[in-house]
Amino acid sequence: MRFNVESADICVLFNGEPYPVCGIEYYTDENDLFYYCFTPYYERIKLLPSSVFHGIQGIDLSLEKECYVRKNFVPSFISERSPIPTRTNLADLMNDAGIAEYNTIAWLKHTHLRYFGDEYFLREKNKNEYF
Amino acid sequence: MTINNRFYSGRDEKYGVTVNGKNFILKPVKGKWGMVKMMSELAASIVYKQLELPVQNVLLAKWNNEPAVLIEDFIREGQYFVPFASLIEENFDKSGDTSYSYENIHSTLLTHRRIENGKECLKAFWDMFVVDYLIGGGGRNASNWGFIGYEGKLSPAPVFDSSSSFYYKDYSGAPFFPPGTATPPRMTFNGAICARIDVIASGKYPECTSSAQYIRKKFSSGQILDMLINAGIEKEMAADWFTAILEYNYKRMEKIL
């Protein structure tokens, strides 16, 4: 089975700079099967004050798992901050972000909109700055 | 009013806007039921206010000369929002029980390490549940209620997103004709979906009974009618639709308490 993958870093703003706290990968195949994988950067998270980092929605970080997998359901972290496929103005939201095909991670990486509920945002992975 | 860059989830078209330095959600009236959904959202917020329960502020507005509704964003500087759905999802990696059942709601609210006062959260949940019954509320999925986080601790958020209430799809301009097409809640009761009135009548959850008793004492149809009219809802719609529904549902609940 072949999967397409879209990946990003979940970031917070720390000292005015984007600061990656978790990787996220979104795998999809031609049969509409999909899964999300969250890979927290525990060593980086430990350095943040609680006013900046307060966990990741839907993920119990106290388990310290290397990867949190969500298979064939959309995790609340994603459903809270990206449009659902039945959103009435979905086409406008996609156009504004420059996205041709519906893909939550791609949309979150490119949109200028920010979730009302926290300060987290997604951007392309930049492996050079991790450790 | 200026559009800002805040994103709000859900099916309906909506925008983040700033008015006099405050953040609001702007929902333009769209589609077949747009107008009645807008009025229902306003009416639902008024019911909560009359009952002195925390709720989002809702205002009627105009956007590009078309009707719209403005809903106040309750997140303030330094706070964050946590939907109940995300607390249940955390169980996925532990017990695996992510069911949206009353039992799971109770145990999550009473035991989650970040919830400051589980009993307060339980009360807020059942108050919302009983009011949702009175207003003929929608399914109330697990993302449609939640918590405000501050410095690592969670407390109940005001009730929000009650637009799918008051049997809006039944509205034709004629007076309310009972019983109305009620949407059952998404939560499961003994493994099955069950009407809210039956959950209240079961007496299985003391906190539910307490909320219903509080609301029975506090509810005033007359006050609500005045508040609806003062908020800009036409008298006929306020009396023949909104308060007619509330009175019908209230009387049913009164009989079982």
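**Exercise 1. Determine how helix 4 and helix 6 of chain B are oriented to each other, and which residues form their contact.**

Step 1. Start with the axes: those of helix 4 (residues 118-134) and helix 6 (residues 206-218) of chain B come within 8 Å and cross at roughly 60 degrees. Here axes are lines fitted to C-alpha atoms, for helices over the stretch in contact, with angles from 0 to 180 degrees between N-to-C directions. Helices (H or I, at least four residues) and strands (E, at least two) are DSSP runs, numbered from the N terminus.

A note before going on: this is a predicted model, where local features need pLDDT of at least 70 and side-chain atom pairs count only at pLDDT 80 or more, while totals for chains, interfaces and linings use all residues. Residues are numbered from 1 along each chain as its sequence is written, and chains are lettered from A and ligands numbered from 1 in the order in which they are written.

Step 2. Classify the angle: helix 4 and helix 6 of chain B are therefore oblique to each other. (Under 35 degrees counts as roughly parallel, over 145 as roughly antiparallel, 65 to 115 as roughly perpendicular and the rest as oblique.)

Step 3. List the contact, which counts residues whose C-beta atoms, placed from the backbone, lie within 7 Å. Helix 4 of chain B brings B:Leu122, B:Lys123, B:Trp126, B:Asp127, B:Phe129, B:Val130 and B:Val131, and helix 6 of chain B brings B:Glu207, B:Cys208, B:Ser211, B:Ala212 and B:Ile215.

Step 4. Sort these residues: eight are nonpolar, one is polar and three are charged. (Ala, Val, Leu, Ile, Met, Phe, Trp, Tyr, Cys and Pro count as nonpolar, Asp, Glu, Lys and Arg as charged, and the others, Gly among them, as polar.)

**Exercise 2. Find out whether A:Asp32 and B:Phe166, which have positive phi, are buried or exposed.**

Step 1. Recall the background: most residues other than glycine have a negative phi.

Step 2. Locate both residues. A:Asp32, with phi of about 65 degrees, lies in the loop between strand 2 (17-28) and strand 3 (34-40) of chain A. B:Phe166, with phi near 55 degrees, is in the loop between strand 9 and strand 10 of chain B.

Step 3. Count neighbours. A:Asp32 has 7 C-beta neighbours inside 10 Å, so A:Asp32 is exposed; B:Phe166 has 29 other C-beta atoms within 10 Å, so B:Phe166 is buried. (Buried takes 20 or more other C-beta atoms within 10 Å, exposed 12 or fewer, and partly exposed lies in between, with C-beta atoms placed from the backbone.)

Note on methods: Two residues are in contact if their C-beta atoms, placed from the backbone, lie within 7 Å.
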